[in-house]
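Please walk me through the charged contacts and the nonpolar surface of this model, with the criteria behind each term.

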Amino acid sequence: MSSNDKNTDYDELSQWAERDMTLPMESDAAERGDDAAAAGRALLERVGVGRPSLARDAGISGASPKRQVRLPRPLSNKLDELAERQDRKPSELMREAVEEYVQKHTA
């Protein structure tokens, strides 16, 4: 099972790692018990959990707030088509549009 697969069952992988995976007893590369847990926590801290902050380039830390919006199907389709033509993600276009709107309507 690939961890890059969108259908990855992480509970199944966890159970395999905890119960079924076998490591050589003399392995000096394999962490076990509390050492394994500490190594896992350290790895997560190094790589970060979740998506990177959108404000990272501006030197701002912390999570980026998530906003959701429902769109009528025709508008959603137009957004997807525009994003594809521009080789961008729909979320990028939406952030840009909101930024332009807020800039125009605040002062």
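**Salt bridges and a nonpolar patch**

Glu-92, with a relative accessibility of 31%, counts as partly exposed, a class that lies between buried (under 20% relative accessible area) and exposed (over 50%), using a 1.4 Å probe and protein chains only. The model is predicted, and local features need pLDDT of at least 70, side-chain atom pairs count only at pLDDT 80 or more, while totals for chains, interfaces and linings use all residues. Residues are numbered from 1 along each chain as its sequence is written, and side-chain values use heavy atoms, with hydrogens and water left out.

The structure holds two salt bridges, a salt bridge being a side-chain nitrogen of Lys or Arg within 4 Å of a carboxyl oxygen of Asp or Glu. Glu-92 pairs with Arg-88, their closest N and O atoms lying 3.8 Å apart, and Arg-88 also pairs with Glu-96, where the corresponding separation is 2.8 Å. Arg-88, Glu-92 and Glu-96 are thereby linked in a network of salt bridges. Arg-88 is partly exposed at 26% relative accessible area, and Glu-96 is likewise partly exposed at 37%.

Turning to the nonpolar surface, Val-69, Leu-71, Leu-75 and Met-94 make a patch of about 330 Å². Such patches take residues with over 30% relative accessible area and no salt bridge, joining nonpolar side chains (Val, Leu, Ile, Met, Phe, Trp, Tyr) within 5 Å and like charges within 9 Å, and the areas come from the Shrake-Rupley method with a 1.4 Å probe, only the protein chains shown counting as cover for residues. Leu-71, partly exposed at 34%, sits in the loop between helix H2 (33–47) and helix H3 (73–85); helices (H or I, at least four residues) and strands (E, at least two) are DSSP runs numbered from the N terminus.
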